[in-house]
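Visitor: Please choose one helix and give me a close look at it, including the loop that leads into it. After that, I would be glad of a connected walk through other parts of the chain.

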Amino acid sequence: MADTEKLINLGLQGGGSHGAFTWGVLDRLLADGRVRIEAVTGASAGAMNAVVLAQGLVNGSHDEARATLAKFWREVSDISAHSPLGVASGLTMPGFWGLSGSPIYTMLDLTSRLVSPYQTNPFNLNPLRGVLGGMIDFDKVRANQCLDLFISATNVETGRARVFRKNELTVDHLLASACLPTVFQAVEIDGVPYWDGGYMGNPPLWPLFEAAHSDDVVIVQINPFFRKGAPRDAPEISDRMTEIGFNSSLMSELRAIDFVSRLIEDGRLEETGYRRVLVHMIGDEKTLVPLGASSKLNTSKPFLDMLFKAGEAAAHKWLTKHFDDIGERSTLDLRAIFQGEEHALDGKRLLPKHHHP
């Protein structure tokens, strides 16, 4: 096992409270100490984790970054505890984390489908504004030379992704990246309205290819690619449609990476400036697939702690198995994904067939 520090980039998906899984992954990577994070790209909850991580790393301390992430997620749980959804979250039982059976959730979900947030929330209140404003010193984050950041939001007018760089970030950019249009009014930045970044970049990988030195991109996946069978009832159908939509941009980028990798392997891109991209993924389908979409609104402490532990364990497993692969080869079999091999991510065959580690 190599003992030298290795450089990686991170791609953090959005997914509401499931972002606590990413918190666990980040905590384990920081505690391990053998990897250095060069750049992070994120959307929605992934964007929150990215900027909170950057705040914690302002002084270069991994322990401080771990403590800052923990504080953020504790505050997320605390501020929502007395909201209607927080009350519903507090009534869930271990193993049954979804809120779909709650009358409170059902009422709020129905309301969001019939009435816009411009009516239900005319003053455009968002409790996360206070949490982020109190925790993040954006001047220090923007000035930090040790970590680059890319935060995505969706331009409501054009339907295209907008990626904000570290040097322009404010609390509004984070709220824009996490703006679900059925819950919050669009966030305007320089007169342009934005919605959740997950619609068009969850997360966007392309900024890393030009700005980062490391070839390795570690995606923290909280939106599963595969679900067996077709959903039958209306909420499940809607949930799967949303999940597919939030994964579509990432799938397109992974397909492009695989295509370019094939050309590089065939020697057809020599001296063109194209570079290899080594793709890795940390996820836990066994834990995350059974969770319904409504659980993404569950911010109860027991649920967040469960997700944290699952993320921590997934990162530990990945480091144990693949640390030596960083800088050498991809550990996510893109070819198998696009050949329809639905078990490409189950840990049984993660390396391309032609590689022999």
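Guide: Here is the helix first, followed by other loops, a second helix, the cysteines and the enclosed space.

This is a predicted model, in which local features need pLDDT of at least 70 and side-chain atom pairs count only at pLDDT 80 or more, while totals for chains, interfaces and linings use all residues. Residues are numbered from 1 along each chain as its sequence is written, and side-chain values use heavy atoms, with hydrogens and water left out.

Let us take α2, residues 45–56. Helices here are DSSP runs of H or I with at least four residues, strands are runs of E with at least two, and both are numbered from the N terminus. The end C-alpha atoms of α2 are 16 Å apart, which agrees with the 16 Å that its 12 residues should span at 1.5 Å a residue; the expected span is 1.5 Å times one less than the number of residues. What sets the scene for this helix is its cover: 12 of its 12 residues are buried, where buried means under 20% relative accessible area, exposed over 50%, and partly exposed in between, with a 1.4 Å probe and protein chains only. Among these buried residues are the polar side chains of N49 and Q55, alongside M48, V51, V52 and L53.

The way into α2 is worth a pause. S44 sits in the loop between β2 (35–43) and α2, and has a positive phi of about 55 degrees although it is not a glycine. S44 counts as buried because its relative accessible area is 8%. A useful partner to look at is D190, in the loop between β5 and β6. D190 also has a positive phi of about 55 degrees without being a glycine, yet D190 counts as exposed because its relative accessibility is 79%.

Following the chain on from there, P203 lies in the loop between β6 (192–196) and α10 (206–211). The peptide bond that joins N202 and P203 is cis, with omega about -5 degrees.

Now compare α2 with α3, residues 62–80. Its 19 residues reach 28 Å from first C-alpha to last, close to the 27 Å expected at 1.5 Å a residue. Its buried residues are A65, T68, L69, F72, W73, V76, S77 and S80. In an α-helix, there are 3.6 residues a turn, so residues three or four places apart point the same way. At the N-terminal end, S61 acts as a cap, with a side-chain oxygen 3.4 Å from the backbone nitrogen of D63. A polar contact is a pair of N or O atoms within 3.5 Å; within protein, one must be able to donate a hydrogen and the other to accept it, and residues adjacent in sequence count only if both atoms are side-chain atoms.

Two loop residues make comparable side-chain-to-backbone contacts. N144, in the loop between α8 (138–143) and β3 (148–155), reaches the backbone nitrogen of C146 with its side chain at 2.9 Å. N144 is buried because its relative accessible area is 6%, whereas C146 is exposed at 56%. S330, in the loop between α13 (301–322) and α14 (334–338), has a side-chain polar atom 2.9 Å from the backbone nitrogen of V279. S330 is buried, at 13%.

Since we have met a cysteine, what about disulfides? A search of the whole structure finds 0 of them, a disulfide being a pair of cysteine sulfur atoms within 2.5 Å. Unlike C146, which is exposed at 56%, C179 counts as buried at 1% relative accessibility.

Lastly, the enclosed space. The structure holds 1 cavity of 30 Å³ or more, with a volume of about 30 Å³. On a 1 Å grid over the protein atoms alone, a cavity is a set of points where a 1.4 Å probe fits but cannot get out, and lining residues have an atom within 4 Å of a point; points are joined across faces, edges and corners, and the volume is the space filled by probe spheres set on them. The lining is made by N9, L208, F209, S214, D215, V217, R275, R276 and V277. By class, that gives 4 nonpolar, 2 polar and 3 charged residues; Ala, Val, Leu, Ile, Met, Phe, Trp, Tyr, Cys and Pro count as nonpolar, Asp, Glu, Lys and Arg as charged, and the others, Gly among them, as polar.

Key
On a 1 Å grid over the protein atoms alone, a cavity is a set of points where a 1.4 Å probe fits but cannot get out, and a pocket is an open set with protein on both sides within 12 Å along at least five of seven lines; lining residues have an atom within 4 Å of a point.
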